[in-house]
Amino acid sequence: MSHTKTATLKAESITLAHRQFIVAENLSLSLPTGKVTAIVGPNGCGKSTLLNGLARIHAPREGSVLLDGKDIHRLPSKEVARKLALLPQDNTAPEGLTVADLVRFGRQPHQGWMTQWSKEDQQAINQAVLAADVADLSGRALDTLSGGQRQRAWIAMAVAQQTPLLLLDEPTSALDLGHQIEVFELIRALSRQGKTIAMVVHDLVNACRYADHMVAMKSGTIIEEGTPADIVTPELVKELYGVHCDLLQDPATGCPLLANLRPCNS
C-alpha cells in the first residue's frame with residue numbers, strides 16, 4: 001500500500017515574506033520521519049507561513065525546501081502531490097459538492113489521462129472515510145454540514161491522497177472537544193502507519209499529548225525544538241504566551257501538563 005512509503009522534508013535557512021514584510025527569517029527544520037511534529041507559538045509568529053513554505057504554497061525568498069533531497073520548487077506538481085498532502089486552514093469547495101465527491105479528489109494525484117478508477121483507489125477512499133468518521137455523511141453537500149463535520153470531510157480527502165507526508169494547519173480549530181480528540185487520535189493512528197505529519201496547533205496541552213516532536217516559534221524564529229517533555233518548561237510558556245504556569249506530569253502518558261495558568265502581572 002502507498003501509505004507505507006516514506007519521504008523526507010526539510011527547510012534549509014528559508015526566509016519567508018509577504019511582499020516587503022519578512023514573516024520568518026533563516027528557518028531550518030527537518031521533520032522526523034514517521035513522527036508527529038507540532039508547530040506551536042503565539043498568534044502571528046509565522047507558524048502557518050512556515051507550514052505553507054514547507055508545502056510549496058509559499059516560495060521562500062531565500063533558502064530552500066527539500067523533498068527527498070530535491071528542491072520542492074523544481075519538482076513536477078503531481079510528484080509533489082503524491083508525496084505531500086496539505087490541509088490548509090481555510091478550505092473552500094464548489095457549491096453543492098458532496099463529501100463523497102470531495103474525498104474522491106484525494107485520488108487525483110494518482111490518476112493519469114488513461115488511468116481507470118482502480119480497486120486501490122476505492123479502497124483508499126473507503127479507509128479514509130472510515131478513519132475520519134464521515135461514512136454517514138457521504139451523500140451530504142459540504143455546505144449543509146457543521147464546521148466540525150466539514151473539517152473531518154477535508155481530513156478524509158487528505159487521508160485518501162495516501163501521501164507519506166501530511167501537513168495540517170490547525171486541524172481541530174473548528175471542532176468541539178470530542179471531535180478534537182477524535183482528530184488527534186486519527187493523526188496518531190496515521191503516524192503509526194508510517195506517515196510523517198506536521199501540524200500547526202494552538203492548544204499546547206494537546207500538542208504535548210499527541211506530538212512526538214515540537215517546534216516552538218516566536219516572532220518568525222524557531223526558539224526551541226525537541227520532544228515536548230524536553231522543551232516545554234514554565235519559562236518557555238512564559239516566553240511564548242506571556243503567562244505563568246505550573247508544570248505537572250500526566251500520570252498516564254508522562255506528557256507535560258500545564259496547571260494554574262495566570263497572567264504574568266498577577
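## A guided look at the sheet, helix H6 and the cores

Visitor: In what order do the six strands of the open sheet lie?
Guide: Happy to start there, keeping in mind that this is a predicted model. The pairing in this open sheet is mixed, and the twist averages 15° from one strand to the next. The order of the six strands is E6-E7-E8-E3-E9-E10.

Visitor: Which strands are the edge strands?
Guide: Look for strands that pair on one side only. At one end of the order is E6 and at the other is E10. The edge strands are therefore those that pair on one side only: strand E6 (84-87) and strand E10 (221-226).

Visitor: What is the bridge partner of Met217 in E10?
Guide: Strand E9 (residues 213-218) pairs with E10 in the antiparallel sense, over five bridges. Within E10, the partner of Met217 is Ile222.

Visitor: Which strands does H6 touch as it packs on the sheet?
Guide: The direction of H6 makes about 155° with that of E8. H6 packs on the sheet by touching strand E3 (36-40), strand E7 (165-169) and strand E8 (196-200).

Visitor: Why does the distance between the end C-alpha atoms of H6 agree with its 16 residues?
Guide: The expected span is 1.5 Å times one less than the number of residues. For the 16 residues of H6 that gives 22 Å. The two values agree because the end C-alpha atoms of H6 are 23 Å apart.

Visitor: Is Phe184 buried or exposed, and what is the angle between the planes in its aromatic pair with Tyr210?
Guide: Phe184 is buried, and so is Tyr210. Phe184 sits in helix H6 (residues 177-192) and Tyr210 in helix H7 (residues 204-210), 26 residues apart. Their rings are 5.0 Å centre to centre. Planes under 30 degrees apart count as stacked, and this pair is stacked, with an angle of 10°.

Visitor: Which helix gives the largest share of the largest nonpolar core?
Guide: Nonpolar side chains tend to be buried together in soluble globular proteins. Here the largest core has 50 residues, and those with the most contacts inside it include Val99, Ile187 and Met214. Eight residues, the largest share, come from helix H5 (residues 147-160).

Visitor: How many residues does the other core have?
Guide: This core lies apart from the one just described. Among its members are Ile14, Ala24, Leu27 and Leu51. Its count is 28 residues.

Conventions
Residues are numbered from 1 along each chain as its sequence is written. This is a predicted model: local features need pLDDT of at least 70, side-chain atom pairs count only at pLDDT 80 or more; totals for chains, interfaces and linings use all residues. Side-chain values use heavy atoms; hydrogens and water are left out. A nonpolar core is a set of buried Ala, Val, Leu, Ile, Met, Phe, Trp, Tyr and Cys residues joined through side-chain atoms within 4.5 Å. Buried means under 20% relative accessible area, exposed over 50%, partly exposed in between (1.4 Å probe, protein chains only). Helices (H or I, at least four residues) and strands (E, at least two) are DSSP runs, numbered from the N terminus. Rings of Phe, Tyr and Trp (its six-membered ring) pair if their centres lie within 6.5 Å; planes under 30 degrees apart count as stacked, over 60 as edge-to-face and the rest as tilted. Two strands pair if DSSP finds at least two bridges between them. Axes are lines fitted to C-alpha atoms, for helices over the stretch in contact, and angles run from 0 to 180 degrees between N-to-C directions. Contact means heavy atoms within 4.5 Å.
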